[in-house]
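Open the model in a viewer with side chains available as sticks. The stops below are given in the order in which to select them.

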Amino acid sequence: MKILLSIFLVILFCFPNHGAAAPMEISTSSDHLKTQYDKYYYYDFGNVRVNWSEYADIYLKNTGSHPLHLRGVFIQGSAFWAWSNCPTWLSPGQRCLARVEFRPWTNGYFSGRLRFAFPDGNIYVDLYGWGDRW
C-alpha cells in the first residue's frame, strides 16, 4: 500500500495538471468598433511540458444593441492552434468561443496571436508560453 501511495505521489508531483486554463471573456459592442481602433489583450499559458498541450477558452460577447459583423478568427504562432464556433454575425448578447491550444515542441519561449477581425477594427489576444522539459 505504501508503494502505491508513493507511486501516486510521484506521478502527481512530476506531471503537471494539463487541460483547460481559466477562461477569458472579451466583451465588445459594434458602437465601440466604429471608432476604428484595435483592442489588445494578452494570455500567458505559463510553463507547459514539451510535447504536451494546454488550452484556453476565449469568449467573445456582443454587449451592444446591434448585430456585430465578424469577418473571421485567425491564429498566428508556430506552437498555437485554434478553432472557433463564432458566426459571421453576433447578435446582441450572443457569445461565441475560440479555443486556443498551446503545444510546445521544444524548450523555450513561444509567442503567438489570436485575432478577431471586424470590418472596422480588430481584437488581438497576444499569446505567450514557455516549453519546458521537466
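Start with β9 and β10, which form a hairpin with two residues between them. The model is a predicted one. Select residues 108–118 for β9 and residues 121–132 for β10. The two strands run antiparallel and are joined by 11 bridges. Within this ladder, F110 stands opposite G129 of β10.

Now add residues 72–76, strand β5. β5 pairs with β9 in the antiparallel sense, over five bridges. Pick Q76 here: its bridge partner in β9 is R113.

Stay on R113 and show its side chain. Which residue does R113 meet in a salt bridge? The partner is D126, with an N to O distance of 2.7 Å. This salt bridge links β9, which holds R113, to β10, which holds D126, and the two residues are 13 apart in sequence. R113 is partly exposed, because its relative accessible area is 26%, whereas D126 has 16% and so counts as buried. R113 also lies over the face of Y124, at 4.4 Å from the ring centre.

Next, select the aromatic cluster: Y43, F45, F80, F102, W105 and F110. The structure as a whole holds 10 aromatic pairs. Zoom in on F80 and F102, whose rings are stacked, with 5.0 Å from centre to centre and 25° between the planes. F80 belongs to strand β6 (residues 80–84) and F102 to strand β8 (residues 95–102), so this contact ties together parts that are 22 residues apart in sequence. Are these two rings buried or exposed? F80 is buried, at 4% relative accessibility, and F102 is buried too, at 0%.

Move on to W105 and F110 in that cluster. Their ring centres are 4.9 Å apart and their planes stand at 65°; the angle is over 60 degrees, so the pair is edge-to-face. F110 is buried, with a relative accessible area of 8%, while W105 is partly exposed at 43%.

From the rings, go to R103 and W81. The charged end of R103 sits over the ring of W81, 4.1 Å from the ring centre. R103 also meets E101 in a salt bridge, N to O 3.0 Å. Both partners are partly exposed: R103 at 33% relative accessibility and E101 at 22%.

The count of salt bridges comes to three, and one of them is still to be visited. Select D57 and R99, whose side chains meet at 2.6 Å, N to O. D57 is in strand β3 (residues 54–62) and R99 in strand β8, so the salt bridge links parts of the chain 42 residues apart. D57 is buried at 10% relative accessibility, and R99 is partly exposed at 24%.

Finish with the cysteines. How many disulfides does the structure hold? There is one, and it joins C86 to C96 with an S to S distance of 2.1 Å. The torsion about the S-S bond is about 80°, so the disulfide is right-handed. C86 lies in the loop between β6 and β7 (89–90) and C96 in β8, so the bond ties together parts 10 residues apart in sequence. Both cysteines are buried.

Technical notes
Residues numbered from 1 in each chain as written. Predicted model: local features only at pLDDT ≥ 70, side-chain atom pairs only at ≥ 80, totals over all residues. Heavy atoms only, no water. Phe/Tyr/Trp six-rings, centres within 6.5 Å; stacked < 30°, edge-to-face > 60°. Helix = DSSP H or I, 4+ residues; strand = E, 2+ residues; numbered from the N terminus. Buried < 20%, exposed > 50% of the residue type's maximum accessible area, 1.4 Å probe, protein only. Lys NZ or Arg CZ within 6 Å of the ring centre and 35° of its normal. Disulfide = S-S within 2.5 Å. Pairing = 2+ DSSP bridges. Salt bridge = Lys/Arg side-chain N within 4 Å of Asp/Glu carboxyl O.
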